[in-house]
Amino acid sequence: MKSAWLPAGLPSGLRCAYTPRPIFKPFLRNRNIKPSRNHMSTSSRLQAGIAAPEIRFEEIAENRGRGRNDAKTPFYARLVPDSPSYFTAQPHFIDDLLTMQQLAQKYASLPRVKPVDAPRVSWVTLAEYRDVVNERVGAAKYQKILEILARLNCIHHSVMPQDVVNVLNQYKRNINPFRNVAKPTPIDEMGRALGHGRRKTSTARAWVVEGTGEVLVNGKTLAEAFSRIHDRESAIWGLKATDRIDKYNVWALVEGGGTTGQAEALTLAIAKALISHEPALKPALRRAGCITRDPRRVERKKPGHVKARKKPAWVKR
């Protein structure tokens, strides 16, 4: 087996300091917590067979101090990476993930609070984390870190360990999350509240005012605008779920997309305008699914496919 030969004067050159990763101000890194190396360890016999022994700079300095001349002696060396994740595609991310997994496993038996009762925290964004580690971390991988952070954040504050506090402070953003309050939709001098809604390629604007339950969509009645009963129910589902059908009048403008997209966009628009009149209805509308934007869209057709996923029938001959 071949071994790498290095000149005798190279040991002193190997003791060079490396440049650490850039430090992000609200994201101070702490490398005192090291991940376990058990999963990367090998037996001494196997290590002797695959690489040269570890460099012992102290013994080399001792021998030179005694007057031994090692200039003509071959110097076999191997570079030992500082982290077991060195050979992975994203070593800094893997180190962070292993560190937090080790903490979550170590303090799994501590008392916790419900997620709704945990302190409200704003974590660093994916773009900020990529700038810190200088690696192209995917959204799904960063979500694993956020899930562990949420679990650690649920530990009761009276028994919160200091090392967990340090890790949480590294990933906190320097903002006050309680200041992020949605601006209420104003009601004009005529008593109308305007709500906007979108679904697929459809957009809707709805003006809601107190009245007797009349609904006009693009100047047409609900039955004329939507031929399907399901679309009619979807358009006014927010009023129906809160039992406000006969208490408000709705005048809406919809455009783009098809009837189903327009009806569901109108659902969101009416619900937002209804919250301006009665903010106490927001939990009921949320349970009914009226104030959650649906981001799903039609998947595009691919070249060589019949549709987005469908392929033409395969014929052997």
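A crossing of two helices is left-handed if the near helix is turned anticlockwise from the far one by less than a right angle, and right-handed if clockwise. The model is predicted: local features need pLDDT of at least 70, side-chain atom pairs count only at pLDDT 80 or more, and totals for chains, interfaces and linings use all residues. Residues are numbered from 1 along each chain as its sequence is written, and side-chain values use heavy atoms, with hydrogens and water left out.

**Exercise 1.** Describe how α4 packs against α7.

*Solution.*
Step 1. Find the helices: α4 is residues 91-106 and α7 is residues 162-171. Helices are DSSP runs (H or I, at least four residues), and strands are too (E, at least two), numbered from the N terminus.
Step 2. Take the geometry. The angle is about 140°, and the axes are 11 Å apart. Axes are lines fitted to C-alpha atoms, for helices over the stretch in contact, and angles run from 0 to 180 degrees between N-to-C directions.
Step 3. Classify. Under 35 degrees is roughly parallel, over 145 roughly antiparallel, 65 to 115 roughly perpendicular, the rest oblique. So α4 is oblique to α7.
Step 4. Add the hand: α4 passes α7 in a left-handed crossing.

**Exercise 2.** Which residues of α4 and α7 meet?

*Solution.*
Step 1. Apply the contact rule: heavy atoms within 4.5 Å.
Step 2. From α4, list Asp96, Met100, Leu103 and Lys106.
Step 3. From α7, list Asp163, Val164, Val167 and Tyr171.

**Exercise 3.** What is in contact with Val250, leaving aside its neighbours within four places in sequence?

*Solution.*
Step 1. Look for Ala206, Trp207 and Val208, which are among the partners of Val250.
Step 2. Add Glu214, Val215 and Leu216.
Step 3. Finish with Leu239 and Ile270.
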